[in-house]
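Reader: I should like to learn how the features of a protein model are read. Could you take me through them in order?

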Amino acid sequence: MNYDLVIVGGGPAGLAAAVAAKDNGIDSILIIERDNELGGILNQCIHNGFGLHTFKEELTGPEYASRFIAQVEERKIEYKLNTMVMDISENKVVTAMNKTDGMFTVEAKAVILAMGCRERSRGALNIPGYRPAGIFSAGTAQRLVNIEGYMPGRRVVILGSGDIGLIMARRMTLEGAQVLAVAELMPYSGGLKRNIVQCLDDFNIPLYLSHTVIDIQGKERVEGITIAEVGPDRKPIPGTEIHYDCDTLLLSCGLLPENELSKTAGVDLSPITSGPIVNDSLETNIEGIFACGNVLHVHDLVDFVSQEATNAGKNAAKYIKEGKTVGAKEVKINAVDGVRYTVPCTIRPEEMDENVTVRFRVGQVFKNCTIATYFGDELINKRKKQVMAPGEMEQVVLLKSKLAEYPDLTDITIKIEEA
């Protein structure tokens, strides 16, 4: 099988990328999705708050997904469901398998990686105690409640204050469970401010910052959880223990981009995000392989995923039609002084669009600071922010017209400075 473009993943990123590629003149497109329907993780996100940027109205996750699925159907874009991609080679041969076709290969002119992300497992968290039933990742609990129709438990403690954990605190409460507490290891929340207000404060659920689980009681099923305050070294402080009798522990301790396939293709990954290192067209170090959405870095709003994926689809279409831009000059973007990383990591001033949005996260909570952008040593722009937190993504927009004034530029620096 030969296709111009193969997209791995049929979630919000894959769908938006496919629609953009089709609208930019590419007809031979195949989306490969391992689940039994398109839409990805959005299908289990039945709360609202999606689509304010993209559709200018508030939608639930399934409604948001269905808008893009309808666009894919209208454009008659091909897709294969229940199909697992096993390997992507450097020369863009995709090996996949399903029940009807068995193992098969697809040769592509370009590949877009849109596999999304996965949750950090209990094994990665080093929590002491037995391994009884009743410990779930927040996303698994969300699927059980919203899609399968099962209640994971009745008395719940949540470790981690990521957005899924906060949303599940509200969801479990609305389904009749008692959410006793949310404990967060860091001194700040990992989720959006609005989710803390709407999911915890509105339901009087306590959030313990700088706390972690130090013991899980129960052999067959969780019977109790002990949390304790941690010091600056993140070690428990004796005497601060709080015990809860409960039957369920939900883990919401961060998301990791799903990049096993990217590694087999030889894609360079960022040690900070665990996602691919990309340029302004969202192309990886492997020519013709692009990445977008949560496989690149974890987003807080699906609207930003769709925007990014639209760019990836458009740029992949351009690559298929025009081939590689040989010898284009690259300018490196440095993330320092509070900025953890940037996406993209490099830009090509001559080849880029009229403007490029550089997205990033900060490494701690900052108050009354500015986001400063430097071309070399020269300060180009300062933007004041009252509060910045790791849970919220920030951005800087770079203009092609401004970059043209600096033909000898080799690096751009984005950092946080005092106001």
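Author: The dialogue below goes from the whole chain to strands and then to single residues. Please keep in mind that this is a predicted model.

Reader: Which helices and strands make up the chain, and how many are there of each?

Author: The protein chain contains 8 helices and 27 strands.

Reader: How does one judge whether the radius of gyration agrees with that of a compact globule?

Author: One compares the value of the chain with the value that a globule of that many residues would have. For 419 residues a compact globule would be near 22 Å, and the protein chain has 22 Å, so the two agree. Along the principal axes, the C-alpha trace spans about 65 × 60 × 40 Å.

Reader: What share of the residues is buried, and what is the accessible surface?

Author: A residue counts as buried when its relative accessible area is under 20%. In the protein chain, 53% of the 419 residues meet this condition. The accessible surface is about 18,700 Å², and carbon and sulfur atoms account for 48% of that area.

Reader: What do the contacts say about residues far apart in sequence, and where do the charges lie on average?

Author: Among contacts with a separation of 6 or more, 62% are between residues 24 or more positions apart. As to charge, there are 44 positive and 56 negative charges, and their mean positions are 1 Å apart.

Reader: In which order do the strands of the open sheet lie, and what is their pairing?

Author: The open sheet has 5 strands in the order E22-E20-E27-E24-E25, and its pairing is mixed. At the edges are strand E22 (346-347) and strand E25 (378-388), each of which pairs on one side only. Within the sheet, strand E24 (residues 366-375) and strand E27 (residues 411-418) are antiparallel and share 7 bridges. Across this pairing, Thr-373 is opposite Ile-414 in E27.

Reader: Which residues touch Thr-413, not counting its neighbours within four places in sequence?

Author: Thr-413 belongs to strand E27. With a relative accessible area of 12%, Thr-413 is buried. Its contacts beyond those neighbours are Asn-334, Val-336, Ala-372, Thr-373 and Tyr-374. Thr-413 and Val-339, 74 residues apart in sequence, have C-alpha atoms 9.8 Å apart.

Reader: How do side chains point along a strand?

Author: In a regular strand, side chains alternate between the two faces of the sheet. Strand E26 (residues 394-399) shows such alternation. Glu-394, Val-396 and Leu-398 point to one face and are buried, whereas Gln-395, Val-397 and Leu-399 point to the other face and are not buried. Strand E23 (residues 355-362) runs antiparallel to E26, joined by 6 bridges. One of the residues named above, Leu-398, is the bridge partner of Val-356.

Reader: Is Thr-95 buried or exposed, and which residues does Thr-95 touch?

Author: Thr-95 lies in strand E7 (residues 93-98). Its relative accessibility is 17%, so Thr-95 counts as buried. Leaving out residues up to four places away in sequence, Thr-95 touches Met-84, Val-85, Met-86, Asp-87, Met-103, Phe-104 and Thr-105.

Reader: How does Asn-311 count by its relative accessibility?

Author: The class between buried and exposed runs from 20% to 50% and is called partly exposed. Asn-311 has 33% relative accessibility and therefore counts as partly exposed. This residue is in helix H7 (residues 302-322). Asn-311 and Asp-353 are 42 residues apart in sequence, and their C-alpha atoms are 9.7 Å apart in space.

Key: Residues numbered from 1 in each chain as written. Predicted model: local features only at pLDDT ≥ 70, side-chain atom pairs only at ≥ 80, totals over all residues. Heavy atoms only, no water. Pairing = 2+ DSSP bridges. Helix = DSSP H or I, 4+ residues; strand = E, 2+ residues; numbered from the N terminus. Rg over C-alpha atoms; globule rule 2.2 N^0.38 Å. Buried < 20%, exposed > 50% of the residue type's maximum accessible area, 1.4 Å probe, protein only. Contact = heavy atoms within 4.5 Å. Areas by Shrake-Rupley, 256 points an atom, 1.4 Å probe, with all protein chains shown as cover. Lys, Arg positive; Asp, Glu negative; His and termini not counted. Charge placed at Lys NZ, Arg CZ, Asp CG, Glu CD.
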